[in-house]
Amino acid sequence: MAERRASLIRVRPGIARYDGHSDWYDETFSAFHNEDAESWLRECLGPGAGAICLDVACGTGRSGRLLRDAGYRAVGFDISADQLRFARPRLAAAVRADVRHLPVPDASADMATGMYFHTDTEDFAAVVREVARCLRPGGRFAYLGVHPCYVGPFVYRLAEQQDLSLTFTTGYGAVGWANRGSGDGSKIGGRVGFHHKTLASFLQAFLDAGLALRSVGEFVAPGGGILPWDLALLTEKPS
């Protein structure tokens, strides 16, 4: 499907859009766990043995427990000081930074993770390129986020578990800041914006960064569903 520009909300790049929303965000999402997705991620991570893992766009540090249990020392990076209030006690360290410009030396990290942030940034490809820069040859980047094909302003999913129905409208091919929220009832779009990407534009970000695909996972929401809710990728920087 040919991509076109969406109706846009004006969002300045590099601003901390989650500032002022972090209490709501942490209360709403900290208790949310997709066990199947987390099991996949644990397998991809392998034993950390005390190694540092770059937690990119760490938000409130929701991944801290999983990374710690896997044996990693998670260093989180996020532009929102408000989000980092929650992240600091959950991670080994947390740094305020624009994740398009990580304060990390070239080829210095063996592992990086990112969760649910590709809809928060317009230039996701720039972030993936920056992660690739920081990885050593053979280093891995595991990413988990909402599925570009099935979560977005073009699909209504609130009746999925009750009525076993989904309602799709036009708009999948419209890459940009959506003006109709995220379609999943989370209210994220109305608060901080929702940048929709097609599957092609999402995957191309990893390929253009020179990363090789090693594993893919699709996961329905806890409680079941008709179509996958999350999409996960494990990629590797070639040796």
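The disulfide count here is 0, a disulfide being a pair of cysteine sulfur atoms within 2.5 Å. This is a predicted model, where local features need pLDDT of at least 70 and side-chain atom pairs pLDDT 80 or more, while totals for chains, interfaces and linings use all residues. Numbering starts from 1 along each chain as its sequence is written, and side-chain values use heavy atoms, without hydrogens or water.

Why no bond at C53? Its closest cysteine sulfur, in C58, lies 11 Å away, too far for a bond. Both cysteines are buried, C53 at 0% relative accessibility and C58 at 8%; buried means under 20% relative accessible area, exposed over 50%, partly exposed in between, with a 1.4 Å probe and protein chains only.

Now the sheet. Its 7 strands form an open, mixed sheet in the order β4-β3-β2-β5-β6-β12-β11. At the edges, pairing on one side only, are β4 (93–96) and β11 (212–219). From one strand to the next, the twist averages 15°. Strands (E, at least two residues) and helices (H or I, at least four) are DSSP runs numbered from the N terminus, and two strands pair if DSSP finds at least two bridges between them.

Strands β2 (52–56) and β3 (73–78) run parallel, joined by 5 bridges. D55 has G76 in β3 as its bridge partner.

Two helices pack on the sheet, with contact meaning heavy atoms within 4.5 Å. Helix α2 (35–45) touches β5, β6, β11 and β12, at about 160° to β11. Helix α5 (124–134) touches β2, β5 and β6, at about 145° to β6. Angles run from 0 to 180 degrees between N-to-C directions, with axes fitted to C-alpha atoms, for helices over the stretch in contact.
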